[in-house]
Amino acid sequence: MKNYASELQKISTVGDEELIPMMAQLAAAGRTQEEIQSIMSAALDVSASGMMSLDSAVTALNKTYSGSVGLLGNQISGLKGLTAEQLKNGKAVEVVAERFKGISEETSKATGTSEQLKNAWGDLKEQLGELLQW
């Protein structure tokens, strides 16, 4: 999961130190690695669109696996027509991922240079801290 969080950090303005706890919460909620990766990728794109915060997007997408679209159904057309079975099988995350595909990466390219630099600096400090522990 740390590797995937690092990959997401490279294509967004969100640092891996913010992503990893969210991923851990999803794992604790019983999500598989594939589900976690799908949720996190879609949530980053939704968040970058300005529709909701990253934390809210992760929570809302995770809830769809219980068979309900909740507030997402009001905000994203195409979700209300999904059956409970489709939701439980991750179809809502697929729909959201397709609808918002690439927004996080494009936003990062357009406006995230300073945030990317800050994230890279944070990674360097983490690596230096690991070296100093020896």
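**Exercise 1.** Work out how much surface the protein chain exposes and what share carbon and sulfur atoms supply.

*Solution.* Start with the total: the chain exposes about 7900 Å² (Shrake-Rupley method, 1.4 Å probe). Next, the share: carbon and sulfur atoms supply 52% of that area. Keep in mind that this is a predicted model, where local features need pLDDT of at least 70, side-chain atom pairs count only at pLDDT 80 or more, and totals for chains, interfaces and linings use all residues. Residues are numbered from 1 along each chain as its sequence is written, and side-chain values use heavy atoms, with hydrogens and water left out.

**Exercise 2.** Count the helices and strands in the protein chain.

*Solution.* Go by DSSP runs, numbered from the N terminus: H or I of at least four residues for a helix, E of at least two for a strand. You get nine helices and zero strands.

**Exercise 3.** Decide whether Ala-60 is buried or exposed.

*Solution.* First, locate Ala-60: helix H4 holds it. Then check the cut-offs: buried is under 20% relative accessible area, exposed over 50%, partly exposed in between (1.4 Å probe, protein chains only). Ala-60 has 17%, so it's buried.

**Exercise 4.** Find which helix gives the largest share of the largest nonpolar core.

*Solution.* Such a core is a set of buried Ala, Val, Leu, Ile, Met, Phe, Trp, Tyr and Cys residues joined through side-chain atoms within 4.5 Å. This one has 33 residues, and Leu-61 is among those with the most contacts inside it. Helices H1, H2, H3, H4 and H7 each supply at least two residues. The largest share, seven residues, comes from H3.
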